Amino acid sequence: MYSTYQRNFSFNSECEADPSTKKKIIILGGGPNRIGQGIEFDYCCCQASFSLKEAGFETIMVNCNPETVSTDYDTSDRLYFEPLKEEYVFNIINKEKEKGNLIGIIAQFGGQTPIKLAKFLHNNRLPILGTQYASIDLAEDRDRFRNLLNKLKLKQAESGIAKTFKQAIQIADKIGLPLMVRPSYVLGGRAMEIVHENSQLKNFVEAAFKAAERNPILVDKFINHAMEVDVDAISDGKQVHVAGIMQHIEEAGIHSGDSACSLPPISIKPFLIKEIENQTKKLALALKVKGFMNVQFAIKKDEIYVIEVNPRASRTVPFVSKAKGLPLAKIASRVMAGEKLSKFNLKDNSKGMYAVKEAVFPFNKFPNSDLLLGPEMKSTGEVMGFDKNFGMAFAKSQIASANSLPKQGLAFISLKNSHKDEGISLAKELLKLNFTLCATKGTAEYLRKHKMRCRIINKVSSGSPHIVDVLDSKKIALVINTGGGNTEHRLNDAIALRRGTLKNKVPYCTNMSTALACLEAIKSLKTRKLEVTSLQDI
């Protein structure tokens with residue numbers, strides 16, 4: 001029947017003498033690791049189990065992944081090694097209810113897998129601890145969520161929710177390009193796409209419906225050239241603690257799991273940070289959140305837009321916890337079990353340090369893969385750079401993710417027309433840092449017009465010797481390419497360039513914001529001493 005493990009109890013003077021009298025809490029894990037859902041959620045489940053045991057509860061873990069800490073023999077008092085499926089979970093809960101003292105189930109720590117079970121738990125009148133299904137569904141139901149934002153006077157890009165292919169096309173025609181098309185109730189941005197041309201729309205909509213598995217799909221106006229911000233918060237229903245505001249390095253349009261981010265933010269105006277805090281608190285209270293909440297905002301021209309709200313733990317919880325020196329998952333689990341936020345010390349212990357999260361990708365295992373990032377998540381892990389200086393923190397994050405930055409050498413630049421003015425200051429900074437420049441013809445001619453020396457290198461489609469030949473000769477130290485395009489030969493040129501950088505292990509930037517962060521990191525590497533900072537020093 002069930003694969004269970006019963007832990008041998010040893011009690012201290014503060015614990016109850018008989019384990020059968022303990023109140024029990026079931027924690028639903030994340031299931032198998034996969035892109036979009038991995039060890040970050042397992043961290044939250046484990047921390048919840050440890051914290052609730054300290055508070056005197058008997059903890060019961062339901063998970064089926066032998067690779068995770070949540071399924072270790074001593075993480076919880078009892079483990080059910082079973083799939084996170086309705087039938088299995090229902091039988092496990094009933095079995096525990098028969099023994100008595102079950103106060104509830106935690107579904108918000110294991111990512112999207114247990115959150116998908118919230119409706120089933122609610123419909124079967126099984127006790128969910130923390131945020132209830134009504135709030136989870138409100139955040140996912142685009143029409144109702146839009147009405148909530150209007151009531152709170154918060155901005156959101158124009159959007160619509162489609163239950164049929166015909167509805168999706170009608171909404172797209174009404175809103176206009178560019179669009180973001182995505183399924184609801186998925187994690188990792190699966191089947192999420194940015195639509196720039198009508199020719200892309202049909203295929204993207206069909207893929208979204210397939211991934212949605214009978215759920216509606218969401219069609220949003222895409223906010224071009226916006227800064228994206230991630231916020232993690234904890235609420236007890238009355239008080240809200242904004243734990244971390246993370247500024248993405250890449251522009252909006254890259255999945256949050258693939259974006260580098262900085263905590264604290266590096267260039268968000270103070271009044272916007274204050275407003276983000278206020279909006280986060282409004283959302284948490286309106287959604288009746290108890291436990292974790294993650295909000296994604298976009299900022300454009302000092303206007304704040306709500307992208308989405310997830311009333312559950314996010315994959316950034318471990319990052320924020322380590323950066324701030326706060327056991328956020330432990331605190332959230334106790335809040336879900338009934339304690340108040342006011343009981344906990346929520347002091348920021350970061351001591352003015354910058355923490356930079358960088359994604360780790362599996363591209364080196366798949367040489368024919370494309371490095372270009374988008375709204376669908378591709379990363380399989382993450383690292384953290386930690387320093388008093390942002391540039392050095394970013395440099396450390398690149399070193400940790402096997403993308404060490406050069407201090408000098410030949411830099412290749414290829415920019416789309418809209419980036420060429422911005423590229424002038426970028427090129428000047430590279431020259432000051434003792435780099436030499438080479439570029440594709442259009443970019444090189446533009447730089448030469450501004451009195452900079454720059455060697456012209458062919459695109460692949462222009463014939464040898466071309467950029468991939470030069471990469472293969474190990475002569476290029478850094479690649480900055482925001483080009484590409486929609487014609488076949490331009491796409492092929494861009495893909496060949498990206499694969500060439502991957503094969504030759506050359507640091508590669510696909511957008512201007514990342515390139516500027518790399519500049520700051522290179523400056524720090526050239527002017528500061530690289531030192532190790534221990535998390536235990538926080």
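Visitor: With 538 residues, what radius of gyration does the chain have, and what would a compact globule have?
Guide: Keep in mind that this is a predicted model. A compact globule of 538 residues would come out near 24 Å, and the value for the chain agrees with that. The C-alpha atoms fill a box of roughly 80 × 60 × 45 Å along the principal axes. For the chain itself, the radius of gyration is 25 Å.

Visitor: What share of the residues counts as buried?
Guide: Buried here needs a relative accessible area under 20%. The accessible surface of the chain comes to about 24,300 Å², with 49% of it belonging to carbon and sulfur atoms. Of the 538 residues, the buried share is 56%.

Visitor: How many helices and strands are in the chain, and which strands make up the open sheet of four?
Guide: The chain has 17 helices and 21 strands. The open sheet of four pairs its strands in the antiparallel sense, and its order reads 6-9-7-8.

Visitor: Why is one side of strand 6 and of strand 8 left without a neighbour in that sheet?
Guide: From one strand to the next, the twist averages 20°. Strand 6 (159–162) and strand 8 (193–195) each have a single partner strand, so one side of each has no neighbour in the sheet. It comes down to where they stand: at the edges.

Visitor: Which residue stands opposite V181?
Guide: Go to strand 7, residues 179–183, which pairs with strand 8 in the antiparallel sense over three bridges. The residue facing V181 sits in strand 8, and that's E193.

Visitor: What angle does helix 7 make with strand 6?
Guide: Two helices are worth a look here. Helix 6 (residues 142–152) lies across strand 6, strand 7 and strand 9 (217–221), running at about 155° to strand 6. Helix 7 (residues 165–175) packs on the sheet too, touching strand 6, strand 7 and strand 9. Its direction relative to strand 6 makes an angle of about 170°.

Visitor: How many residues of strand 15 are buried?
Guide: Strand 15 covers residues 354–360 and is mostly covered. It runs antiparallel to strand 12 (residues 261–263), with three bridges joining the two. Out of its seven residues, the buried count is five.

Visitor: And in strand 16, which residue is the bridge partner of E358?
Guide: Strand 15 and strand 16 (residues 381–387) run antiparallel, joined by seven bridges. Strand 15 also holds K357, the bridge partner of C261. For E358, the partner in strand 16 is V383.

Definitions and conventions
Residues are numbered from 1 along each chain as its sequence is written. This is a predicted model: local features need pLDDT of at least 70, side-chain atom pairs count only at pLDDT 80 or more; totals for chains, interfaces and linings use all residues. Side-chain values use heavy atoms; hydrogens and water are left out. Two strands pair if DSSP finds at least two bridges between them. Axes are lines fitted to C-alpha atoms, for helices over the stretch in contact, and angles run from 0 to 180 degrees between N-to-C directions. Contact means heavy atoms within 4.5 Å. The radius of gyration is taken over C-alpha atoms; the globule rule is 2.2 Å times the number of residues to the power 0.38. Buried means under 20% relative accessible area, exposed over 50%, partly exposed in between (1.4 Å probe, protein chains only). Accessible areas come from the Shrake-Rupley method with a 1.4 Å probe; for residues, only the protein chains shown count as cover.
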